[in-house]
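Welcome, and please open your viewer. Let us walk through this model together, one selection at a time.

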Amino acid sequence: MPPPPTSLNTLVQLVQNIVPESRHSQKLRDELIAQCQDVLSSRIGHNREPDIAHLTDLVKRHLSQNSQSTASTLRFTNLLSRLLEQPVLSRKHASVQFLHSLASSAPSTSTTPAFLPTLAPPRSLKPPPQSLPVNGETTSAKKPVGKSKAEILRKYRAKIGQPHLPEDALLRDALYILQGISGKYVKLVEVEDEVSESKLVFADDPHYIISPPNRTLIHRLAELGHLYSRVATFVRDREGRPGVGMIEQSLCHYLESQLTEYYRLIAVLESQMHVSRNNDGSAEAKAVEEETGLTLKRLEVWIDDWRLRLRMMSVCVEGCRDVSGGALVNLIHSYTENGDPFVRKVTDELLEEESSTDPFSEFFVHLDPGLAHVQYIQQPGLQQNGAFSTDEGFSGVDNDDLSREYQGGLRLWESKYVFREEMLPAFVGEDFGRKIFSTGKSLNFIRYSCHDSDWVATRKKLDKTGGTLQYSDIAGLEHSIDTAYSIASQRLFDVFFEKFGLLVHMKALKNYMFLGHGDFADSLMDSLGPHLSRPANTLYRHNLTAKLEEAIRSTNAQNDPQDVLRRLDARMLEYTHGEIGWDVFTLEYKVDAPIDTVLDSDTMIKYLRVFSHLWKMKRVEGALTTGWMRVAGGSRTFLRIHELDIEWHQIRLALAEMVHFLRQVQAYCHLEVIECQWKKLMEFIHKKEGGLDALIAAHRSYVDAIDKKILLWYPKSGKEENLLRQIRELFEIILQFRIAMDDFYNYTLAESARQESQKRDQGRGLYTDPRSEREQAVAREALPRILQRTREYGSTFSEKVQALVLVLAAHPDLDCKYLGIRLSFSDFYKTRRDKEGTPKTS
């Protein structure tokens, strides 16, 4: 990129002032300007952190050496303090450093330009001390200067045939070595045993030898060539390799930009070497070359900063061979914990380059390849884009076969994109990373799964946040992600509860699967009761659905939305030989995408399990209600047989105890469990806080709590269903007691009719058939067995309730413990236990 005209004119004036000869030579002026532009466009001198204190000490030391008084030092201190307070200049350190470089460099009297003036040692501006005349000699007389020891040693080596190799030849090979290329006298030989390793070999020359100091310098320079070759090879390999991630691509881009700067530096050094060779050979030119020309030592000084930079690049290259994505970012981030400002600066630049990309599936998000192209599939007969299919399930595809191929929404939500904690960058906390992950999943779900028509409006709101993943602005990113998370979560709640009516479906599950609609449950029980008492293999699904439709039309359930009623279905579970309808009947509520993300299959299984338990409880309730109505009504009319009053009184006591037990269990299930958990769920939904994961977790907690509390799950391993089995045994005892009570009721009714008939016959003087007396004797023989059954069922029920209360008193769940208190609120079972002794609990 060429400099602007203003900067170019300023550069021309500066060159003409420093090198007056360039005013008359167009060629010299163009060369000087070209070299200055190369230096200005490179990053030479930008590798060190600006240290104004160190620069101030250098200027003060220079002033103390070139001034006889301290006034100049004090004046400089005053001027520097005033400069630092001025807001006009932004690069104060660079300005002071430039003035110090000008003051330290001596004016050049040669036509040979000095392209690298900072390499020359600073000259002292003090005048050299004048020698006094000795033995009457004048000051103009000078002693002839003799040969130096270095020149004498050089001639001696040439005389004995062992001259040192000229530094110019080594300098050329050194520039080759810096690029990983073998030279004439210094070669890089590949090592066969080690991969990507090379060995430095000095070529044998019968005419020249390489001195040990120069060998040491070449070895130090060869380190950069070796590191350069390793980094360049890595970049070339990654350019043509398929499947390279975006993080590695960003790393290669940064490495390539750094290698470009490295090339530019080598080009500047090589041009300086050519200028030194093209001098006119005069003594004055040689003196200038010795002060400002390129040598091995000065080359070592120039590339010293690049040694540490290339080391850092090489470490990143080696680490990238085993890790990728977020793990690679973590590896680079670990180098920021370093006391060297230069290392921290290089690492920050690299992290800024890495984090400026959008590394999909490389940081902490993993896409399951098996679910990459899977979308939500809606089952036939259910809602599709707001309307129902008209085939009513009578399509050519079997619903059961399709359900096996159906991918649940929850599986796609949880497994399609996976959070990988090991790939999370270290400078991003886990909570913050999960919030980013949840925001992205929510946006993807809204767009591709919910087919939200207002996606564009939601996208515009998110664009206003302006958050990008940058290493230097994590605090700003957190604020942007928090805003985006709130917008996405709010929109997701609106889509679920307004567009898809999730709350309506939750209420329907509570009313039908948890028997919240009492009139519907009673009507369904009355219509299905006679049919469910038959064997399961004699029942047909169309008869069950007809009874379900009858129960809906005869109750307030007919006022529910048609979407809810279409999803409600009656079916039979898999049955075995000997089971009846009560064992296999269940209600089913069908859900489709995307609400099956919240109402997933595992949750629906728990709904079915709770419904089965509540349905059995409803059956027992109906049996007790009918039995109590018979006993209460018949005791005042046709069951008045005085010799059986005591037995009926005992039956009423046992029946009242069973009714109390069932009413308390029902109140516990519906009031203390279902309603309380429903209230917690509604509080969460009305707050609309958190994302879809929080909604799924809240609904799971709601269903899990109801499942565990109603079924009385015990936390100890191997004893989870002990209390549930005891409850089921009590239900079975109640039904058996009801059968025995019906037998006793029938006997009492027959006996009452017989006695009334006998009284009427005796009053009219009619004949009594002896066969009726034999039938009466047979019936009386069966009476003790019936009474024994009622007593056994009554006593067994009391013992098992007593054992249940004892176990519930030690239950860790407070609600279950309070159920035991409700069952024995007057210490009825405790008093009986104290009298009879503690029974053995099953």
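Select the whole chain to begin: of its 842 residues, 40% count as buried, where buried means under 20% relative accessible area, exposed means over 50%, and partly exposed lies in between (1.4 Å probe, protein chains only). This is a predicted model, in which local features need pLDDT of at least 70 and side-chain atom pairs count only at pLDDT 80 or more, while totals for chains, interfaces and linings use all residues. Residues are numbered from 1 along each chain as its sequence is written, and side-chain values use heavy atoms, with hydrogens and water left out.

Switch to a cartoon view, and you can look for 31 helices and eight strands; these are DSSP runs numbered from the N terminus, with helices being H or I over at least four residues and strands E over at least two. Among contacts between residues at least 6 apart in sequence, 75% join residues at least 24 apart, a contact being heavy atoms within 4.5 Å.

**Colour by confidence**

Now colour by pLDDT, the predictor's confidence in each residue, from 0 to 100. The chain has a mean of 75, and 64% of its residues reach 70 or more. Which elements have the lowest and the highest mean pLDDT? Strand β5 (residues 387–388) has the lowest, 36, and helix α20 (residues 502–513) the highest, 93. Next, select residues 108–144, where pLDDT stays under 50 and the model has 39 contacts beyond four places in sequence. Residues 376–406 are also below 50, and this stretch has 43 contacts beyond near neighbours in sequence. Where pLDDT is low, the predicted coordinates should not be read in detail.

**Salt bridges**

Show side chains next. The whole structure holds 27 salt bridges, each a side-chain nitrogen of Lys or Arg within 4 Å of a carboxyl oxygen of Asp or Glu.

Try Asp173 and Arg172, whose closest N and O atoms are 3.9 Å apart in a salt bridge. Asp173 is buried, with a relative accessible area of 0%, whereas Arg172 is partly exposed at 25%.

Move on to Glu223 and Arg307, which form a salt bridge with their closest N and O atoms 3.3 Å apart. This pair links distant parts of the chain, 84 residues apart: Glu223 is in helix α8 (residues 212–240) and Arg307 in helix α12 (residues 304–320). Glu223 is partly exposed, with a relative accessible area of 27%, and Arg307 is buried, at 5%.

Then go to helix α28 (residues 722–764), where Asp742 and Arg738 are four residues apart and so separated by about one helical turn. Their side chains meet in a salt bridge of 2.8 Å, N to O. Asp742 is buried at 17% relative accessible area, and Arg738 is buried at 14%.

**A buried glutamine**

Select Gln258 in helix α9 (residues 246–277). Is Gln258 buried or exposed? Gln258 is buried, with a relative accessible area of 2%. Its side chain makes a polar contact with the side chain of Arg309 at 2.9 Å. A polar contact is a pair of N or O atoms within 3.5 Å; within protein, one must be able to donate a hydrogen and the other to accept it, and residues adjacent in sequence count only if both atoms are side-chain atoms.

**A helix pair**

Finish with helix α26 (residues 645–687) and helix α27 (residues 692–710), whose axes come within 10 Å and cross at roughly 170°. Where do they meet? Residues including Trp678 and Phe684 in α26 meet residues including His699 and Tyr702 in α27.

Note on methods. Axes fitted to C-alpha atoms, helices over the stretch in contact; angles between N-to-C directions.
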